[in-house]
Structures are given as C-alpha cells and as structure tokens.
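Got your viewer open? Let's take a short walk through this one, selecting a few things at each stop.

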Amino acid sequence: MSHKPLHIVVLSRNRSLYSTRRLVETIENRGSRATVLDHLKCDIVIEQDNPSIYYKGELIDDVDAVIPRIGASVTFYGASVVRQFEMMGVPTAVESQALVRSRDKLRSLQVLARSDVGMPKTVFTNYSKEVAKIIDSVGGAPLIVKLLEGTQGYGVVLAPTKKAAESIIDAFHSMKARVIVQEFIKEAKGADIRAFVINNKVVGAMKRQGKEGEFRSNLHQGGTGELIKLSKRERQVALTAAKVMGLSIAGVDLLQSERGPLVLEVNSSPGLEGIEKTTNQDIASDIITYVENLVEKGKSKKKSPKNKKSNA
Ligand code: ADP
C-alpha cells in the first residue's frame with residue numbers, strides 16, 4: 001500500500017456486526033489502526049477553538065478519519081458526534097448533515113424531487129382529516145402507508161382497498177404517528193434494487209425479492225438477494241440520488257416501474273453483508289480506499305493557507 005498507516009475510527013454500537021467487522025479487518029489488513037467507538041459513549045466537549053471528544057473518560061485524538069455506522073434510532077446523538085469530529089477537522093466518510101437528511105424519508109424525497117430522478121408519488125399531511133382526498137391524489141388504492149421513521153420494512157403497510165387505506169391512515173393519525181401515503185408500484189412485483197454507491201461509482205448492485213406473497217423486499221423481512229446488472233438509466237439514477245443527498249457512500253433503493261427506475265430511499269449506513277455476499281465484491285475495501293483518499297485530500301488542503309478553517 002502506498003498509504004502511510006492511518007488511525008481510522010469506526011463509529012458503531014456493536015463491533016461484532018458484519019459491516020463493522022469487515023471494515024475493521026480491512027483497515028487492519030492494510031497496516032492501519034482501527035478503533036471502534038460506540039458513539040453513545042462518546043462525550044462531546046465544546047470549548048472555543050478546542051473541540052474534543054472523550055470516550056469513557058479518555059481523550060480521543062490522533063484520528064485521521066471516521067466512518068459513521070449510525071443506527072436510525074440514535075441519529076441525533078450519532079450525528080452530533082460526527083459533527084464534533086468535523087469540527088476537529090477530521091474527515092468523515094459520511095457528513096453529519098447528509099446523515100441527518102437521509103434519515104427523514106419526507107425530507108429526502110423533497111430533496112430528491114428537485115433532481116431528475118423519478119419517485120413514487122407521495123403525500124404527507126399534518127394529520128389531515130381529508131383522508132379520502134389524500135388517497136385520490138396518489139391514484140387511489142392499493143396504496144402504501146409508511147411510518148416516517150420506520151426502517152427495514154417495519155411500518156410499511158400495503159392498503160389493498162380505499163376502505164382499508166382510510167382506516168390505516170386514521171389509525172396512524174389517531175396514534176399521532178407521522179406517515180407518508182404513497183402510490184403503490186405494483187409492477188415492481190415485490191422486488192427492489194439496491195445499488196451501492198461509493199464516490200460517484202456503483203460498486204455493486206443486487207435485486208432483492210420479497211418472499212412469496214410479500215410486497216416488501218427487505219432482507220430483514222425474509223427477502224433474498226441476487227446479483228443484477230443495472231441498466232444505464234438505473235445506474236444514472238442511483239448516482240444522481242446519492243449526489244443530491246450529499247452522500248459519498250450510499251445504498252440507493254430503486255423500484256423498477258413502467259415509467260423507469262424510481263428512487264425509494266437513500267441509505268447512509270448501508271449494510272455490507274447482503275451486498276458483499278450477493279455480489280462477491282469486496283465493498284469494505286472500496287470504502288477504505290475512499291477513506292484513505294479523503295485523508296490524502298484533506299492533508300493537501302491543510303497545506304494551503306487559504307483553507308485553514310473548515311466550516312460545518
Ligand atoms: P424501509 O426503509 O423500512 O425499508 P421502504 O420504503 O424501503 O422502507 O419500503 C420497504 C419495502 O417495501 C421496499 O424495499 C419495497 O420492496 C416495498 N415498497 C416500499 N414502497 C413501495 C411502493 N411505493 N410501491 C411498491 N413497493 C414498495
């Protein structure tokens with residue numbers, strides 16, 4: 001390796017997770033040092049011109065880069081820790097702002113809708129009483145109702161009829177749960193595509209198929225993955241989606257529809273297990289190469305006096 005040994009922090013709550021293990025072993029195989037920090041155990045110390053992080057009472061310093069692997073339920077604190085590393089001038093594989101943005105399904109769709117990528121028609125309301133009109137505006141039933149902050153397919157419901165849709169939406173609203181109502185893309189036939197993007201390149205893609213009778217293709221819901229070659233348009237859409245979300249590393253989920261690929265979601269901590277096992281690609285190595293290059297770029301920037309201070 002042409003790179004000098006680095007010290008790379010992986011922010012992860014559990015070092016035995018497949019993705020965390022793969023990143024750590026890849027860093028170590030390249031002669032660098034890996035430290036796994038549970039972001040929930042990091043203390044952020046704010047002081048003028050001297051931002052720092054303590055882990056179980058010990059100062060964390062000499063870090064060359066961070067790789068955030070932040071779970072959806074701890075986005076707020078995890079993103080704060082990432083932001084603190086940014087304040088300390090440490091390059092991060094995922095920027096804190098992009099991380100926060102990607103976790104809000106509605107905000108993500110709003111940002112994506114400004115670009116030329118397609119998406120299922122979606123409505124969000126502040127517990128509107130006009131449920132029938134909302135249903136009509138996405139083309140009627142069947143339709144999809146999604147909890148705004150669900151993951152891994154939990155909180156995604158297919159309402160087969162208008163009646164069912166009305167009661168599901170009413171039920172969520174009465175629980176004060178925020179939902180989006182979305183056009184159901186029937187022709188996707190319970191499958192979706194996961195494109196793994198690193199630094200403006202698709203490094204692996206798979207098609208996930210939901211188990212028999214299931215419209216959700218999530219592997220956590222019993223779906224299975226198979227290797228797929230993306231069409232030119234699918235590749236283009238995946239790259240654009242990652243770019244407009246400000247993510248250099250992203251798992252872009254697409255539905256194949258009659259009007260071309262539609263973006264469903266852009267994931268900022270995409271899992272490595274499914275994609276590596278399905279594609280037989282060493283995605284962890286691609287991530288570490290990207291991070292090594294980030295550090296190199298950061299060093300050459302620091303040498304230039306114009307870039308003394310970075311901003312958030
Ligand atoms: P999560 O973030 O919980 O995985 P998703 O929005 O990705 O939620 O939905 C889970 C799965 O449900 C998707 O992978 C896809 O297979 C299916 N799905 C979601 N939205 C639609 C839709 N509008 N039309 C058809 N299938 C959908």
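## Stop one: the ligand and its contacts

Select glutamate 265 together with the ligand: a polar side-chain atom of this glutamate lies 2.7 Å from an oxygen atom of the ligand. The protein covers 97% of the 540 Å² of accessible area that the ligand has on its own. Keep in mind that you're looking at a predicted model.

Now add serine 217, where a polar side-chain atom lies 2.9 Å from an oxygen atom of the ligand. Then click glutamine 182, which has a polar side-chain atom 3.1 Å from a nitrogen atom of the ligand.

## Stop two: the whole shell

Time to widen the selection. How many residues surround the ligand? There are 20, and the closest are Lys105, Lys146, Gly153, Asn218 and Glu265. Try coloring the shell by type: you'll get 7 nonpolar, 7 polar and 6 charged residues.

Next, color by domain. Domain 2 (102–118 + 187–268) and domain 3 (122–184) each give at least three residues to the shell. Show the strands too: strand 8 (143–147), strand 10 (179–183) and strand 15 (260–267) each supply at least two shell residues.

## Stop three: a pair of strands

Leave the ligand and select strand 6 (residues 65–68). Which way do its side chains point? Ala65 and Ile67 point one way, Val66 and Pro68 the other, and all are buried. In a regular strand, side chains alternate between the two faces of the sheet.

Finally, add strand 1 (residues 7–11), which pairs with strand 6 in the parallel sense over 4 bridges. To spot one bridge, click isoleucine 8 and its partner in strand 6, alanine 65.

How values were computed
Residues numbered from 1 in each chain as written. Predicted model: local features only at pLDDT ≥ 70, side-chain atom pairs only at ≥ 80, totals over all residues. Heavy atoms only, no water. Near = heavy atom within 4 Å. Polar contact = N/O pair within 3.5 Å; in protein donor to acceptor, adjacent residues only side chain to side chain. Areas by Shrake-Rupley, 256 points an atom, 1.4 Å probe, with all protein chains shown as cover. Nonpolar A, V, L, I, M, F, W, Y, C, P; charged D, E, K, R; others polar. Domains from an automatic or database assignment. Buried < 20%, exposed > 50% of the residue type's maximum accessible area, 1.4 Å probe, protein only. Pairing = 2+ DSSP bridges.
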